[in-house]
Amino acid sequence: MNTTDPRLKDLFDEHSGRVHVVGDLAERAIARDRANRRREVTTAVAVGALALAVAVPIGWNSLRPVTHQVPAGTSTAPTPAPSTQTGATATNPTPSTSSGSASDSATPTAIPTIIASGDPAPVQLTPATGSVTGQTNAGYVVDGVFHEGDRTIPLPDELRRSGHVLRVGDGLLAFKPADGRSYVLVDSSGAIVKEIPAGGVRVAPDRQHFLISTLGGDLAYYDATGTKLGQLDASTCECTTDGAGGGYIPAGLVGTTAYGVAMDGRTTVAWDVTTDQLERIKGSVSLVGPAGTGLVTWPGRTPQKLEDWCQELRDLGTGATLWRLCGPILLTSFSEDGTHLVGTGVIDGLPDALLDDGKFRYPSLVVLDASTGEIVAEGGSRDPAVGGSFVTAHLGEGGVLTAQVNGTDGLRSLQVCSLDGSCAVAGEAKPLWTADIPEGNDPYVLTTN
Amino acid sequence: MDDAARRADFTEYVRAREQSLARLAYLLTGDRDAAEDLLQNALAKCYRHWDRVRSVEQPDAYVRRIMVNERNSRWRSVLRRRESAGSHVLEILDPPAPAAAVDRAESLDLWRHVQTLPAQQRAVVVLRYYEDLTEAQTAEILGCSVGTVKSHTSRAIAAMRLKMSEAPA
C-alpha cells in the first residue's frame, strides 16, 4: 500500500463529483445511432467483410475491429521493388496463383502488385474556397431536393434526410432514416412508389434493375418499377456469422449476374438471375465495376506489414487477377465509366501496422487507375480533423469528380474537380443537419451510382 | 420488443445510470467534449444492440467496456475532433474551494499526472480506484489478464509517485 492510493480515490471522487448530465443523453445516443446507421448504409457494402468504415472527417468515429479473416487464397506474398512513379511502390509482376472462381483449380499467373506505402500521388486535388463558380451533372440531394443537371426531384418529407440515395430508372431509391431498415422507391415526380425492407442496395449500371439484401439475408432482384423478379435464399450462402445466421450483402449487378458477398466474407456468389445458376468466387467482392471487374479484399486479421493487407481487381468472368494493391486504402466506388476507383486513406479501424506513426498514410480522397491499380490523384488532409477533407465523392464520366468537402469552418460545400487537380465550388457551404452530432448528417448527399 | 418499447426501456436505463456513466467518461478523458463524445458513442452502440445487451449482459459492464476500449484505441487521438457539439449534455462544475492552498496544488498536480498516463494505465487506475472493481473485473473489461492489470497499476502508481516527488514544493 502506498500513499498514492487513497489520494487517487479522493481525487477521482472530487473530479467525478463535478460532472452533471444536463441534457437528454438517451435522446442524443439514439440520434447518434441513427446517424451512424445512415453513414453505414453508404459504406457497408463497399467495406463488406473488412468491417471497417470511412472515418468521419470532423468526428470521432466508432472503432470497429476487423472481424473477418478473408483467406488470401494461394497467392504468394508480393516482393516489393522500388518504384515511386505513381504515388506508391510498384513491384514487378510476381509469380502467384490466382484465387478466382472457387471451383477453379489454381493457375499460376503474374500479378502486378502495388505497395501503397504512402508516397504522394502525382496529382493533388485542392478544394476551392469562395463562391459558387462550378457546375456538376452528378446526382445529389440538398435541402430535400434531388438535382441532376437541370433535372430536380422533390423528396417526400420522410426522405429529406435520407443519407443514401441511388438513381433507379427515372426516379430514386432512398434510404428511409426513420426506421433504418428500408429503402423507398420514388418516381421522377417524387411520389412514393414502393417501400422495400432492405439492408443494402446495388443498382445496375443502366439503372434499370437493382439488387437488395432482405433483412433475412436473401438477395432480391427488382426492376426499376419496384417489381421483384427473383430471389436467392440466404441459406444458399452456406455461411453463418457469430450465431447471427447467414445470408448475403449485395455487391453489384452487371447484366443478369448479381453478386452477393456471403456474410462470413469468405466467398462471393455470382447469381444468374435468369437461370438461378450459382457460382462461387473466393474472397469478398466489395465492388463490382460496370465492365464486370470486381474488387476482392482479403485483409489479414492482424497485419504486421503493408504487404499483408491487400485488395485485388479481378475479371469476374474469368477469375483472372488484373492487379493487387497492398496498403491502407479503402476503395469505395468505381467511376461511372469504370476507368477509375475512388477511395480514401482515412479509415477507422486500421491496425497500427498500417499507420505511419499513428497517422494515416493517405488523405481523405484517393483515385486509382482501374486498369493498373496505380494511384493517380489524391486530395484533402491526412488529418481528418483538419479542414479541406473530402467527405464523399463521386467520379463521373470523363474524370469529373464531384465531392462534398469539409471546410476549415466545419461547413460542407459541394465541389467539382478534374483529375488534373483543379477544383471549383459547385454548391455553397452548409452546416451539418444536426450540429450536436459531429458524425454524418451531411448537407449534400451524393448518389452512390 | 417493438421500437417504441425498446426506446422507452433504453431511455429508462440511461436516465437511471447517466450520472455514473458520465463521471466515468470524464475520468477516462479529463475533457468535457471528449467525455460527451465517448459516452454518446458508447450508448449509441448499446442502443443498437439493446435487446441483446439487456437480456444477456449487465448493461453497465457493456457500456463500460465500450468506453474503455474506445478510449484506449489509438484512433481516438488520430480522429480527435477540434470542434464541439452545438450544445452540451454534460456540465463540469468548478472545483470546490480549497481546504488549503497546498492541498489544492497537490490535487491539481495529481490530476494533471493522471491525465498524462497512457490510456491503458489510466483506465486501470480509474476502474480500480474509482469504480472499485477487482483486478479480475478490470481485466475482463480491458480484455487482458489479471497480471497485465497488476503491472499497469503498478507502473501507473510508480509513475505518478515519481512525478509527484519531482514536483517543486
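1. Let's start with chain B: residues 24 or more positions apart account for 67% of its contacts with a separation of 6 or more, where contact means heavy atoms within 4.5 Å. In chain A, 49% of the contacts with a separation of 6 or more come from residues 24 or more positions apart.

2. A word on what you're looking at. This is a predicted model, where local features need pLDDT of at least 70, side-chain atom pairs count only at pLDDT 80 or more, and totals for chains, interfaces and linings use all residues. Residues are numbered from 1 along each chain as its sequence is written, chains are lettered from A and ligands numbered from 1 in the order in which they are written, and side-chain values use heavy atoms, with hydrogens and water left out.

3. Now the make-up of each chain. Chain A has two helices and 36 strands, while chain B has nine helices and one strand; these are DSSP runs numbered from the N terminus (helices are H or I, at least four residues; strands are E, at least two). Go along the sequence of chain B and you get α-α-α-α-α-β-α-α-α-α.

4. How much is tucked away? Of the 449 residues of chain A, 60% are buried, and for the 169 residues of chain B the share is 49%. Buried means under 20% relative accessible area (1.4 Å probe, protein chains only). As for surface, chain A has about 16,300 Å² accessible, 50% of it from carbon and sulfur atoms. Chain B exposes about 7,800 Å², and there carbon and sulfur atoms supply 50%. These areas come from the Shrake-Rupley method with a 1.4 Å probe.

5. On to the helix pairs in chain B. Helix α1 (residues 3-29) of chain B and helix α2 (residues 32-48) of chain B cross at roughly 145 degrees, and their axes come within 9 Å. The axes are lines fitted to C-alpha atoms over the stretch in contact, and angles run from 0 to 180 degrees between N-to-C directions. The crossing is right-handed, meaning the near helix is turned clockwise from the far one by less than a right angle. Among the residues that meet here are B:Phe10, B:Tyr13 and B:Val14 in α1(B) and B:Leu38, B:Leu39 and B:Leu43 in α2(B). By class, this contact has 15 nonpolar, one polar and four charged residues. Nonpolar covers Ala, Val, Leu, Ile, Met, Phe, Trp, Tyr, Cys and Pro; charged covers Asp, Glu, Lys and Arg; the others, Gly among them, are polar.

6. α1(B) also packs with α7(B), at about 145 degrees and with the axes 9 Å apart. This crossing is right-handed. B:Leu24, B:Tyr26, B:Leu27, B:Leu28 and B:Thr29 do the job for α1(B), with B:Arg122, B:Ala123, B:Val126 and B:Leu127 on the α7(B) side. That gives seven nonpolar, one polar and one charged.

7. Helix α7 (residues 119-129) of chain B packs against helix α8 (residues 135-142) of chain B at about 135 degrees, with axes 10 Å apart. So α7(B) is oblique to α8(B), as angles under 35 degrees count as roughly parallel, over 145 as roughly antiparallel, 65 to 115 as roughly perpendicular and the rest as oblique. The crossing is right-handed.

8. Last, a residue to find in chain A: A:Asp369, in strand β30 (residues 365-369). Its C-alpha atom is 6.4 Å from that of A:Thr339, 30 residues apart along the chain. Beyond its neighbours within four places in sequence, A:Asp369 is in contact with A:Trp323, A:Thr339, A:His340, A:Glu374 and A:Val376.

Key. Buried < 20%, exposed > 50% of the residue type's maximum accessible area, 1.4 Å probe, protein only.
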